[in-house]
Amino acid sequence: MTDIEIARKSKLQHIGKIAQNLGVDASDLELYGNYKAKIVANPNVRKDAKLILVTAINPTAAGEGKTTVSIGLADGLNLIGAKTCLALREPSLGPVFGIKGGATGGGYSQILPMEDINLHFTGDFHAISAANNLLCALIDNSIFQGNPLNINPDRVVFNRTLDVNDRALRGVTVNHNVKDAVEHSEKFNITAACEVMAVLTLANDLNDLKCRLGNILVAYTFDGKPVFARDLNAQESMTILLKDALHPNLVQTIGGTPAFVHCGPFANIAHGCNSVQATRLAMTYAPYTVTEAGFGADLGAEKFLDVKCRVSGLRPNAVVIVATVRALKLNGGADKNNLATEDLTALKDGMCNLLRHVRNIKEVYKLPCIVAINRFTSDPEKEIAMVAQAVESLGVDAVDCNVWGRGGKGAIDLANKVVNLCEQDNSTFEFAYANADSVETKIKKIATKIYGAVDVEYSDKAKESLKALRAVVDVSDFPVVIAKTQYSFSDDPKLLGAPSGFTLHVRDIEYRGGAKFLVAIAGNMLLMPGLPSKPNAVGMTISDDGTIDGLY
């Protein structure tokens, strides 16, 4: 057993103790064993609550450690006396069994119990999948039972879902060779990208959840009229399946920091944030809340700020942008097999990626920010110094931290600087686009102001989709979620660094009436990922005592 495994086991406290220290009333605690619980209290955000958003540069094969830094920073804040809660997303089984692995941090900066959180946890994802697929069953049953709503089977737009990467389900046929049933094409989305996930993530309470579920667009009639989930009377039964999943989950870090871990939309193909409920609860019980948004700041942070903050009224007091010298060197063309060797030229060439993210947060969103250099033991000092110097030229501090090896102790300097940023309260937060902007203007402002594009090009299908939507529903005040590759500012994963002068290609636009946003699908992004040639699932083992190896 490694030192980290010993630390996980020895420091794990009963969740009732964590809740008691946090100030959660025992009547608001629903236990899921000894180390997991749901909190059923209504949020009442403190007037002095400070919200810290952790984001990152574009991800690379070298790793950035955004979740690990989020956890380490929260532990570090508690170590300096700044009472802090975490608010993180739940892991999806897709990456766990695919290529990315678990999403509970690493080293001495982890949330516990890691195995449970990465796998079935409290069953939220299963409830979301069940509610989603119940609606699909009701759609097909209505068609089978005489089609009283006049649904055109070829214009069913609501998809089934599964929380596993399975490319074979990107296109399927239902009712094939089924007597008296109508055969039609269908496809699956991964659960993290389905609309029910987004609805649960953004819902304020049970009534809001029910209303949002009823507003999901499911199909069109033969004469082009929209059909919603409420037309099938599906919202009540769907809400019944989701009533427990609506409550945020409480777990803990190795350092004993309370962590609200709830909902898990991906940031590349969905809106990439944990639930509004969980963030508000964290801000109810502690003066400081650390939360993260998925992938790079062009995806997760943009959606956190332009979507989640817009609909919830939340505002971050400080933003932490995570980077590693290894990842920056990859952006500069370094050999991925030789990243431990000092390469100042590659680092200089790749620095543009970090600097654009910093400028976006500081100049577009007008938010105070700091760079966290997530240190590897082999990182040369000259490279650390070069990153710090480049960032400081923009008037932003950079702090190196070692949260993987030291936990919260490795984030003390970062924690102190974050507190100073929060206390200065210099935020003059602005959105990247206005509510009143047209859909095309919203997309173009994100593409030009955040990505560095010069223009947006729409496929015929995207133009037709938007025209059809405008004919039947009001989308004028909907935010836009852009689904694109996480590896680049552009929609081409091979364009690393900070590309400019490119055109963003929008392939399709989809309506999310329950979530109350539009999804613009750019480039070759698909809402159901596939497995790699050697998925994590085939490398995992479980011993006789239940110990799992290969889950990280």
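The following exercises, each with a worked solution, look at helices, strands and single residues in one predicted model.

The model is predicted, and local features are taken only at pLDDT of at least 70, side-chain atom pairs only at pLDDT 80 or more, while totals for chains, interfaces and linings use all residues. Residues are numbered from 1 along each chain as its sequence is written, and side-chain values use heavy atoms, with hydrogens and water left out.

**Exercise 1.** Describe how helix 6 and helix 9 are placed relative to each other, and which residues make their contact.

Solution. Begin by finding the two elements, remembering that helices (H or I, at least four residues) and strands (E, at least two) are DSSP runs numbered from the N terminus. Helix 6 covers residues 124-144 and helix 9 covers residues 235-242, and their axes come within 8 Å and cross at roughly 160°. Here an axis is a line fitted to C-alpha atoms, for helices over the stretch in contact, and angles run from 0 to 180 degrees between N-to-C directions. That crossing angle makes helix 6 roughly antiparallel to helix 9, a term used for angles over 145 degrees. Next, look at the contact, which means heavy atoms within 4.5 Å: helix 6 contributes Ala127, Ile128, Ala130, Ala131, Leu134, Leu135 and Leu138, and helix 9 contributes Ser237, Met238, Leu241 and Leu242. Sorted by class, this contact has ten nonpolar residues, one polar residue and no charged residues, where Ala, Val, Leu, Ile, Met, Phe, Trp, Tyr, Cys and Pro count as nonpolar, Asp, Glu, Lys and Arg as charged, and the others, Gly among them, as polar.

**Exercise 2.** Work out which strands stand at the edges of the open sheet with the order 20-22-23-21, and which helix packs on it.

Solution. The sheet has four strands with mixed pairing, and two strands pair if DSSP finds at least two bridges between them. Strand 20 (455-458) and strand 21 (480-483) are the edge strands, each with a single partner, so one side of each has no neighbour in the sheet. From one strand to the next, the twist averages 40°. Strand 22 (residues 503-512) and strand 23 (residues 517-522) pair in the antiparallel sense over six bridges, and Arg512 stands opposite Phe517 in strand 23. Finally, helix 17 (residues 439-451) packs on the sheet and touches strand 20, strand 21, strand 22 and strand 23, its direction making about 55° with that of strand 21.

**Exercise 3.** Explain what stands out in the backbone at Pro113, Asn175 and Asn177.

Solution. Start from the general rule that most residues other than glycine have a negative phi, and most peptide bonds are trans. The bond from Leu112 to Pro113 is cis, with omega near 0°, and Pro113 is in the loop between strand 6 (109-112) and helix 5 (114-118). Asn175 has a positive phi of about 65°, and phi of Asn177 is near 60°. Asn175 is found in the loop between strand 9 (172-174) and strand 10 (184-186), and Asn177 also has its place between strand 9 and strand 10. Asn175, at 25% relative accessibility, counts as partly exposed, whereas Asn177, at 70%, counts as exposed; buried means under 20% relative accessible area, exposed over 50%, and partly exposed in between (1.4 Å probe, protein chains only).

Conventions: Angles under 35 degrees count as roughly parallel, over 145 as roughly antiparallel, 65 to 115 as roughly perpendicular and the rest as oblique.
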